[in-house]
Amino acid sequence: MKRSNLRPSLGAALVGVALLAGAPALAAEPAGAAANPDAPALFKTHCAECHGADRLGQIGPALLPQNLRRVRKSYATSVITNGIEAAQMPPFGEVLSKAEIAALVKLVYTPLPEIPIWGEKQITASRVLTPAKQVTDKPLWDADPMNLFVVVETGDHHATILNGDTFTPMHRFKTRFALHGGPKFTSDGRYVFFGSRDGWVSKFDLYTLSVIAEVRAGINMRNIAVSSNNRYVIAANYLPHSLVILSAEDLSLIKIIPVKSGKRSSRVSAVYNAPPRQSFIAALKDIKEVWEIPYGDNPPQYGWKHDYREESGDNDKPEPFQVRRIRLGDYLDDFFFDLKYEHLMGASRGEKKGSRLGRMIDLYIGKTVAELDLPGLPHLGSGITFEHQGRRVMATPDIRGNSISIIDLKSWKVIKKIKTLGPGFFLRSHENTPYAWAGVFSGPHKDKMHIIDKQSLEIVKTLAPVPGKTFAHVEFTKTGSHALVSLWEMDGALMVFDAKSFKLVKRLPMSKPSGKYNVYNKITFSEGTSH
């Protein structure tokens, strides 16, 4: 939903979680409320820009009953009335009457006369190939290919390729609408894949600076992942409820996996590549399971074993992309993985007021092995790891509260909570820096960036270069010498800081640069960034 000139850039990332969280009581009735609200007209005015005129989703998620099964109508009413600051969704309680809000809630829980089918025929027909004008096995430019940045500018739906040594833009091009989930690279760093909210997957050749293939894998998509063998791309869909596997070579369709358990289907919250396991791992929104989908040539055969690493003695080769279902006692999403991808941490929802239960899943035996309480609404997907006093720890921000949790990855215990000035969404570091950078993403201190000493676990400096403007999302250069931070505004900028002195060294005007991604850090799975 939108109000006046406020446009949510993270609505689809967070509004589904926010709807489950509840909100304060309804606001007073505004003057001039309509007696018989016209729900479709209200939706067109206030909601369509982000959720689509057809309710199939754009920046925000699809608003259909099959996607809202786990959301009570009272929660939906509260979210529309009071807004969700962390999702950049404004409140409508002072703009719409209770009757108008009730009419909107009724509308989004009403099935569409017909939901468009998006299957093999539609996916195949959507594919577009644009061969590069020049065939080459070397870059057509002079720069370090491992120190390039891909900068996503959501303000006007463009991406910029940036030289990470000189901080000079090399190329800027138009992307599909509302990219989400972060671009994903092949292991050699040559190709980068983008996923958009409305289901498009694009393949971009960094050597020739050109888009060479595109396909629409779904109607409302969450993110994509690329296999470590560079052969497959997988798309996670909210609508339809499916996982779509594509050839990384030309984005041709390989397989559609309906996401179902019995008669129940599910949206896919996210999909991840697990390199040491040669598999994809999917987080499901509406089924109490985690799915693992091997993509290697000799995948394990899952059965009634204590540990799938044990040999079964069965010589039959498993079917490609066989789904391993890890059944859980709760819904889990927003995953964090340890460096060896032996354990998964997911945040369950709703066990305790004011906190979430973190569950550690041993991916070899497929069982929960530890639990811990995490404050507020932890953003595990933005978690980082580092060595602290001889032990490996992870740090995760809190989207709703004002703390960062530090967790010992051996004992799975919270060893410290670092108090911050407000809710955090992004947290970044690098192997070659003693500091972690944590932004205050929303609230009165959204213009602040905390710098945390990874050994003392104390905030040593707080940056605020542009008062009142959102200052968020850090990515380091290949060597960790500089930190690039977004001034997250329509008339924003990419701001480059010396990682030792914290001094600003360059400012590049950009249109709401939501994220920037260093080739080397991503393909080496740096401990200081998300994957």
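This passage walks through the fold, the strand pairing and the cysteines of one chain.

The model is predicted, so local features are taken only at pLDDT of at least 70 and side-chain atom pairs only at pLDDT 80 or more, while totals for chains, interfaces and linings use all residues. Residues are numbered from 1 along each chain as its sequence is written, and side-chain values rest on heavy atoms, with hydrogens and water left out.

Strands dominate the list of elements: the chain has 35 of them and seven helices, where helices (H or I, at least four residues) and strands (E, at least two) are DSSP runs numbered from the N terminus. Of the 531 residues, 61% are buried, buried being under 20% relative accessible area, exposed over 50% and partly exposed in between (1.4 Å probe, protein chains only). The accessible surface adds up to about 21700 Å², with 52% of that belonging to carbon and sulfur atoms; areas come from the Shrake-Rupley method with a 1.4 Å probe, and for residues only the protein chains shown count as cover. Contacts (heavy atoms within 4.5 Å) between residues at least 6 apart in sequence join residues at least 24 apart in 52% of cases.

Strand β2 (residues 148–153) is well wrapped, with six of its six residues buried. Leu-148, Val-150 and Val-152 lie on one side, Phe-149, Val-151 and Glu-153 on the other, and both faces are covered. In a regular strand, side chains alternate between the two faces of the sheet. Two strands count as paired if DSSP finds at least two bridges between them. On that basis β2 pairs antiparallel with β3 (residues 158–163) over six bridges, Phe-149 having Leu-162 as its bridge partner. Four residues separate the two strands in this hairpin, where His-157 takes a positive phi near 60°. β2 also runs antiparallel to β35 (residues 513–518), joined by five bridges, and here Val-152 is matched with Gly-515.

Elsewhere, five strands make an open antiparallel sheet in the order β1-β8-β7-β6-β5. β1 (128–129) and β5 (184–185) sit at its edges with a single partner strand each, so one side of each has no neighbour in the sheet. Within this sheet, β6 (residues 191–195) and β7 (residues 200–205) share five antiparallel bridges, and Gly-195 is partnered by Val-201.

As for disulfides (pairs of cysteine sulfur atoms within 2.5 Å), the count is zero. Cys-47 is in none, the nearest cysteine sulfur being that of Cys-50, 8.9 Å away. Cys-47 is buried at 0% relative accessible area, and Cys-50 is buried too, at 1%.
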